[in-house]
Structures are given as structure tokens and as C-alpha cells.
Amino acid sequence: MYGKALALAPDDVEVLNGLVRANTLIGDYDEALSWGKRVIEVTKSERAWWVEALKKPGISPQEEPTCRRTIKSLGKLEAYTHLNSYTILATSDSFEAALKHLSRASELDSTNAALYSRRAELLVDLGRHAEALTAIDSYLSRTEDTFESEDVRRAFQLRAACQAAIASD
């Protein structure tokens, strides 16, 4: 099914995203990463086009919200694609490559507290405790969870462990 759709629309982000998801679900991670790379390329290009469209004089009040929604939607798709790539790479112990994808996802979706939590844990695994502290603080400043939340308590525990590791270096 995706083969026919891809032949008709080789740069359609929904088709490409479907290929990422399908290959991830069947466990063909190399293929999922390859299609993910393509999704990222296309969404960047399309988002840049829409950003330029917003700058054009004469854009109507009706067109502007459509442009902004499209830019936001493409950014979210790119962030989710980076998150999927991070997950695949982290589970295969490719931590540095995973971190690059997670960092980009955080740039695209800077209000998503969970991304900073994952970043902190990955940085701890890499032994980069000072950077992990920054990520933990970013998580804590963005999360809507209360102090009683297990995730928030875990973040404070991880923060204390990072401070101890830094002090012992």
C-alpha cells in the first residue's frame, strides 16, 4: 500500500511518516531510521517554505492562520520523528546518535517536559552529569506534575545523584 502511495507522492510527509511507523512496528529499525531521515528532510524543507510564505506581503488574514497551523504541524511531525529515531537508537545503545535526535526534538517541542527528562537520563548514562543537571532543571521547570508525582520525585533523586557525581569528580 505504501509503495503505491509513495510512487504517487514521493515527498508526502504522511506517506513517509506511515513508512516510519510501519517499519518501526515490524521491527525493521534500519528502514524506519532511513524513512525517518527522509521525513525530517521533507518537513524541514516544507516548514521553511511556509515560513517564507508568511513573510510575503499581501498574505490575507485568512491565509495566515493556515500557514501557522501548517508550520506547527510540520514541526510536531519532525519532533515525533526525531523522538522515534531516539528511541530506536537508544535501545540499540547508540547513545550519542540518540542524543542528537532527542536534542533536536527538544528544540522543536521545547514545552514538552518529558523530552528533557529522557535527555537527562540519557546524559547520565553517558556520564555527562553537568549537562544532565541542566536537563533535569529544564524538566522540572516545564512539568505540570506536582512534587508528589513519581516522575518529579525521580527527577529530584537523579538531580541529587548528578550533584554527587559532579562533586566526586
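User: Let's start with Leu 16: is this residue buried or exposed?
Analyst: Keep in mind that this is a predicted model. Leu 16 is found in helix α2. Its relative accessibility comes out at 0%, and the cut-off for burial is under 20%, so Leu 16 counts as buried.

User: Which residues is Leu 16 in contact with, leaving aside its neighbours within four places in sequence?
Analyst: One pair to look at is Leu 16 and Arg 38, which are 22 residues apart in sequence, with 7.3 Å from C-alpha to C-alpha. Arg 38 also turns up in the contact list of Leu 16. That list reads Leu 6, Pro 10, Asp 11, Trp 35, Arg 38, Val 39 and Val 42.

User: Staying in helix α2, which side chain makes a polar contact with the side chain of Thr 24?
Analyst: Thr 24 sits in α2, which covers residues 13–25. A polar atom of its side chain lies 2.8 Å from the backbone oxygen of Val 20, but that partner is a backbone atom. Beyond four places in sequence, Thr 24 is in contact with Tyr 29, Ala 32, Asn 84 and Ile 88. The side-chain to side-chain polar contact, at 3.1 Å, is with Asn 84.

User: Zooming out, how many helices and strands does the protein have?
Analyst: Reading from the N terminus, the elements go α-α-α-α-α-α-α-α. There is no β in that string. The tally is 8 helices and 0 strands.

User: What percentage of the residues in the protein is buried?
Analyst: For scale, the C-alpha trace spans about 55 × 40 × 30 Å along its principal axes. The chain has 169 residues. Of those, the buried ones make up 38%.

User: And of the contacts with a separation of 6 or more, what share comes from residues 24 or more positions apart?
Analyst: The pool here is contacts in the protein with a separation of 6 or more. Pick out the ones between residues 24 or more positions apart, and they account for 47%.

User: What kind of aromatic pair do Trp 49 and Trp 50 form?
Analyst: The structure holds 2 aromatic pairs. For Trp 49 and Trp 50, the ring centres are 4.9 Å apart and the planes meet at 85°. Planes over 60 degrees apart fall in the edge-to-face class, so this pair is edge-to-face.

User: How does Trp 50 rate on accessibility: buried, partly exposed or exposed?
Analyst: Its relative accessibility is 23%. Buried needs under 20% and exposed needs over 50%. Trp 50 is in between, so it counts as partly exposed.

User: How far apart in space are Lys 76 and Leu 108, C-alpha to C-alpha?
Analyst: Lys 76 is in helix α4, residues 63–91, and counts as partly exposed because its relative accessibility is 35%. In sequence, Lys 76 and Leu 108 are 32 residues apart. In space, the C-alpha separation is 7.1 Å.

User: What is phi of Asp 93 near?
Analyst: Asp 93 is in the loop between α4 and α5. At 56% relative accessibility it counts as exposed. Its phi is positive although the residue is not glycine, and the value is near 65°.

User: Which residues is Leu 115 in contact with, leaving aside those within four places in sequence?
Analyst: Leu 115 belongs to helix α6 and counts as buried because its relative accessibility is 3%. Leu 8, 107 residues away along the chain, is 35 Å off by C-alpha. The contacts of Leu 115 are Leu 83, Leu 102, Ala 105, Ser 106 and Asp 109.

User: Which backbone nitrogen does the side chain of Thr 143 reach?
Analyst: Thr 143 is found in the loop between α7 and α8, and at 16% relative accessibility it counts as buried. Beyond four places in sequence, it touches Ala 113 and Val 152. The backbone nitrogen that its side chain reaches, at 3.1 Å, belongs to Asp 145.

User: Which element gives the largest share of the lining of the largest pocket?
Analyst: The largest pocket holds about 180 Å³ of space. Elements giving two or more residues to its lining are α6, α7 and α8. With 6 residues, the largest share comes from α6.

User: How many of the residues in that lining are charged?
Analyst: The lining includes Arg 118, Glu 121, Asp 151 and Arg 154. It divides into 7 nonpolar and 1 polar, and the charged residues number 4.

Note on methods: Residues are numbered from 1 along each chain as its sequence is written. This is a predicted model: local features need pLDDT of at least 70, side-chain atom pairs count only at pLDDT 80 or more; totals for chains, interfaces and linings use all residues. Side-chain values use heavy atoms; hydrogens and water are left out. On a 1 Å grid over the protein atoms alone, a cavity is a set of points where a 1.4 Å probe fits but cannot get out, and a pocket is an open set with protein on both sides within 12 Å along at least five of seven lines; lining residues have an atom within 4 Å of a point. Grid points are joined across faces, edges and corners, and a volume is the space filled by probe spheres set on the points. Helices (H or I, at least four residues) and strands (E, at least two) are DSSP runs, numbered from the N terminus. Ala, Val, Leu, Ile, Met, Phe, Trp, Tyr, Cys and Pro count as nonpolar, Asp, Glu, Lys and Arg as charged, and the others, Gly among them, as polar. A polar contact is a pair of N or O atoms within 3.5 Å; within protein, one must be able to donate a hydrogen and the other to accept it, and residues adjacent in sequence count only if both atoms are side-chain atoms. Contact means heavy atoms within 4.5 Å. Buried means under 20% relative accessible area, exposed over 50%, partly exposed in between (1.4 Å probe, protein chains only). Rings of Phe, Tyr and Trp (its six-membered ring) pair if their centres lie within 6.5 Å; planes under 30 degrees apart count as stacked, over 60 as edge-to-face and the rest as tilted.
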